[in-house]
Amino acid sequence: MSIGQSTGTKPVSILPLPPILQRRDGTMTRELLLKPGQHGLGMTHDSLAADTTTTATCGYCSTGCGLRLHIKDGEAIGLTPETNYPVNLGMACPKGWEALRVLDSDERATTPLLRDSGGKLQPISWELAFETFVQKVRDVQAKHGPDSVAFLSTGQIPCEEMAFLGALARFAMGIRHGDGNTRQCMATAVSAYKESFGFDAPPFTYDDFEQSDCLVFIGANPCIGHPIMWERVLRNRNNPEIIVIDPRRTETAMASTQHLQLRPKSDLALLYAITNWLIENDHVDHEFVHSHTRGFDELREHVAKFDLGTVSKSCGVSEESIVRAARSIGTGKAVSLWWTMGVNQSYEGTRTAQAIINIALITGNIGKPGTGANSITGQCNAMGSRLWSSTTNLFGHHRFESEADRIKVAEALNMDVDCIPSQGSWKYDRIIEGVRRGEIKALWVIATNPAHSWIDQSDVCSLLGKLDFLAVQDMYHTTETARLADLVLPSAGWGEKEGTFINSERRYGLLKKVRRAPGQALADFQILKGIAHYWGAAEQFAEWTDPEAVFRIMQRASRDQPCDITGIDGYAEIDQCGGIQWPWTEHDAQATSRPPQQRRLFADGRFFHDDGKARLIVDDITPMPEPTSSEYPVMLLTGRGTVSQWHTQTRTRQSPVLKMLYPQEAYIEINPVDADQWEIDHGDLVIIESRRGRIQANANVTATVRRGQAFMPMHYEITNQITLSHFDPHSGQPSYKDCAVRITRSAKRSQPIRSHV
Ligand SMILES: Nc1nc2c(c(=O)[nH]1)N[C@H]1C(S)=C(S)[C@@H](COP(=O)(O)OP(=O)(O)OC[C@H]3O[C@@H](n4cnc5c(=O)[nH]c(N)nc54)[C@H](O)[C@@H]3O)O[C@H]1N2
Ligand SMILES: Nc1nc2c(c(=O)[nH]1)N[C@H]1C(S)=C(S)[C@@H](COP(=O)(O)OP(=O)(O)OC[C@H]3O[C@@H](n4cnc5c(=O)[nH]c(N)nc54)[C@H](O)[C@@H]3O)O[C@H]1N2
Ligand code: SF4
Ligand SMILES: [Mo]
């Protein structure tokens, strides 16, 4: 599957070559730079005043902290957390502090790379890269049909780039299938909200962390995953009850007032038992239920089957603890329920998320300060991908299946309605299955690293190797996926380009260009523009000149949607307001000159279904697909390890400071009693085997995991070699946090490793 250097193809239309620019170090480059001041702010790299500061949104997690960049001689040389930003109020975690440092690295992809006939990746020009890309996609489509090409994208590029990617791939290039790493992350919350509320609408604002008198965290470890959200919890002056539902005694659980250390994947039964107790003890807001919900009788009947005695046994949580938590929820004045991957990444995640939503609804804990059924997002722009990627949903969260929606979007985009397909894409797992079956022959991967992060990774790596063409668009040429690529397209990263991110509380924040990308690396926006030109679609995208022009197109398409942003007065207003939460309609803007900084949804009790009512949805319990057995007696959980590690580590491992803050070698957390029984000491090398693979890691003996369970962070490449490929049936999200393994000692360490917990 290697590709010769010369494709011998002619570009369909020639991208006008950018001017040759002189770099700071004196070398010359042909960069496709935005023109100064193009977004109206005068904040592009080229037009930044010599010495100044400017505030941009962090590009790691969905908290969306504001970081103040300190500019000297037109280039960012340092940063501090923004004190005036309504999200972080002057705080940042180590990843944010080190955000600039990771941009300087030998691992950066600085030129397009093409695999030669000898199998080596060789530098090539952008012209040849674009030609090759376009020709390969065309060849595969011609030979194998329109289903044969797919893309996999991300929650880590700005909305405008996602919008461009979706429109280019699906409305211009005829690429039928495209999904993103948000499937690994947020798909469950999306399906749950859509069915319950009628729209994918997280209702909260961060002020709710401070206003609650009872906060419930289900499958969420914000101390590690969302540290600045946790700081907001610490600012709560109500002496709140903090209930953590997690099989591990996490940092967050240690800081809680009640920890329900349940058996993995027994959340649904536990939540139904809590719901049942709330109904039996009449902690129900009957007026709210009557006026604003449907399905209460079915809910009551269903949860009545979940008696305390049975559930207590199956979940491994005492009856007293369940009742205490239920009572706190029932009697709290402002109760907020927060969930993250412990819920979403489950084979019954959608129903579990809806069980959380049900509790908020029947107790009337929605639409008021300190309340809500609140899914915390993962990546900086996972919500942007939900709204703008045109993968599962059409541009602006419309429906591909609806002709009226297609017409509306086509008008907003100034495109022919016939170019918009009438179906959403295959989901991620179906795309991977398509590769296995030989249906997908070419794959375009943008800002994600599936060869490390997808479930049951060994399988994925061999599948990626089967493709006729794999193009990888990334900041670094060293990612596990880029190493398998036929073509690497070098991308600018955070701080080197512009656009908007949407954080967990629906806030649009600005990404700014404060550095020049290394070598010939280009913003994804410019790469997409290049591809559009070479594809012959320049005309179709004539209006898509720069990110802010795309933002205006997005605004048009959002009209009358729950996520309407027609009232935002461009990037300048987002900048001046410290971000703006959706919705913000033209009508809102006429009524109030400035958007208030904290807004939550559903204050009027009207949901997005046609009848305005939310749905209470229940289901039966699903048996665990791979329970433990005598052969594989340990349940393996996976997730985030430390504040300083980000996912597959392509970025965070570039910072010497961050590297000092986390263990360099893969480790597994094992309960001390188990360790004793298996004759494993802290620091020993152990073998972990599942039905899919065999890996080695350092034993970290700690009481934070229960007996019969173990935990591995996802940041090390090997973790997903043993995970089990299984999914939530409604959302298609992988269930990363349950598979059966066995653990044995491999070798004694001559020197014990340093404990890191
Ligand atoms: N430092 C850092 N921060 C990050 C990230 C990162 O890589 N590093 N990634 C970001 C992204 S994309 C995401 S999605 C978020 C994820 O943020 P979180 O979801 O908070 O992180 P995880 O560790 O994946 O999972 C949360 C918890 O779920 C628990 N869990 C496992 N199984 C179950 C179960 O059956 N029931 C319950 N109730 N809990 C269970 C785990 O023990 C774990 O403590 O973090 C974001 N923030
Ligand atoms: N076992 C297990 N596996 C998991 C999880 C788990 O809990 N357990 N969690 C899952 C979750 S929630 C998630 S979100 C995924 C994350 O999985 P991935 O998306 O695969 O992880 P990242 O390391 O964030 O990969 C992002 C890539 O984009 C590149 N990049 C960053 N910025 C840009 C940019 O602006 N442009 C371009 N072109 N590239 C850029 C980075 O260098 C990196 O290679 O992992 C999932 N995998
Ligand atoms: S908490 Fe998230 S958004 Fe804030 S600085 Fe850390 S990584 Fe960035
Ligand atoms: Mo995620």
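**Note on the predicted model: strands, aromatic pairs and the shell of ligand 3**

1. Strand E27 (residues 709-713) is mostly covered, with five of its five residues buried. The structure is a predicted model, and the points below should be read accordingly. In a regular strand the side chains alternate between the two faces of the sheet. In E27 both faces are covered: Gln709, Phe711 and Pro713 are buried on one side, and Ala710 and Met712 are buried on the other.

2. The pairing of E27 involves two strands that run in opposite senses relative to it. Strand E23 (residues 634-639) pairs with E27 in the parallel sense over five bridges, and strand E24 (residues 667-670) is joined to E27 by two bridges in an antiparallel arrangement. Ala710 of E27 appears in both registers: it is the bridge partner of Leu636 and also that of Ile670.

3. A separate point concerns the open sheet of five strands, whose order is E12-E11-E10-E14-E15 and whose pairing is parallel. Strand E12 (258-260) and strand E15 (372-375) stand at the edges with a single partner strand each, so one side of each has no neighbour in the sheet. From one strand to the next, the twist averages 15°. At the E15 edge, four bridges join strand E14 (residues 335-339) to E15, the two running parallel. Within this pairing, Gly372 in E15 is the bridge partner of Ser336.

4. Another open sheet has three strands in the order E19-E20-E21, with antiparallel pairing. Strand E19 (496-502) and strand E21 (580-581) are its edges; each has a single partner strand, so one side of each is left without a neighbour in the sheet. E19 pairs with strand E20 (residues 507-513) in the antiparallel sense over five bridges. The register may be checked at Gly499, which stands opposite Leu511 in E20.

5. Turning to the aromatic residues, a search of the whole structure finds 33 aromatic pairs. One of them is formed by Phe199 and Phe608: their ring centres are 5.8 Å apart and their planes meet at 70°, so the pair is edge-to-face. This pair links distant parts of the chain, 409 residues apart. Phe199 lies in the loop between helix H4 (187-197) and helix H5 (207-211), and Phe608 in the loop between helix H24 (586-591) and strand E22 (614-615). The two rings belong to residues of unlike burial: Phe199 is buried, with a relative accessible area of 6%, whereas Phe608 is partly exposed at 30%.

6. The pair of Tyr428 and Trp454 has ring centres 3.9 Å apart and planes at 5°, so it is stacked. Tyr428 lies in helix H18 (residues 428-436) and Trp454 in the loop between helix H19 (450-453) and helix H20 (457-465), so the pair ties together parts that are 26 residues apart in sequence. Both Tyr428 and Trp454 are buried.

7. Phe199 and Phe608 also belong to one aromatic cluster, whose other members are Tyr193, Phe197, Phe288, Trp339, Trp582, Phe602 and Phe607.

8. Two arginine side chains place their charged ends over tyrosine rings. The charged end of Arg108 sits over the ring of Tyr476, 5.8 Å from its centre. That of Arg651 sits over the ring of Tyr60, 4.3 Å from its centre. Tyr60 is also one of the residues around ligand 3.

9. The shell around ligand 3 consists of Cys58, Tyr60, Cys61, Thr63, Gly64, Cys65, Ala92, Cys93, Lys95, Gly96 and Ile228. By class, seven of these residues are nonpolar, three polar and one charged. Ile228 of this shell is found in helix H7 (residues 227-234). Ile228 is buried, with a relative accessible area of 5%. The C-alpha atoms of Ile228 and Leu89 are separated by 9.3 Å, although the two residues lie 139 residues apart along the chain.

10. A final long-range contact deserves inspection. Arg615 has its place in strand E22 and is partly exposed, with a relative accessible area of 24%. Arg615 and Arg294 are 321 residues apart in sequence, yet their C-alpha atoms are 5.0 Å apart in space.

Conventions
Residues numbered from 1 in each chain as written. Chains lettered and ligands numbered in written order. Predicted model: local features only at pLDDT ≥ 70, side-chain atom pairs only at ≥ 80, totals over all residues. Heavy atoms only, no water. Near = heavy atom within 4 Å. Nonpolar A, V, L, I, M, F, W, Y, C, P; charged D, E, K, R; others polar. Phe/Tyr/Trp six-rings, centres within 6.5 Å; stacked < 30°, edge-to-face > 60°. Buried < 20%, exposed > 50% of the residue type's maximum accessible area, 1.4 Å probe, protein only. Lys NZ or Arg CZ within 6 Å of the ring centre and 35° of its normal. Pairing = 2+ DSSP bridges. Axes fitted to C-alpha atoms, helices over the stretch in contact; angles between N-to-C directions.
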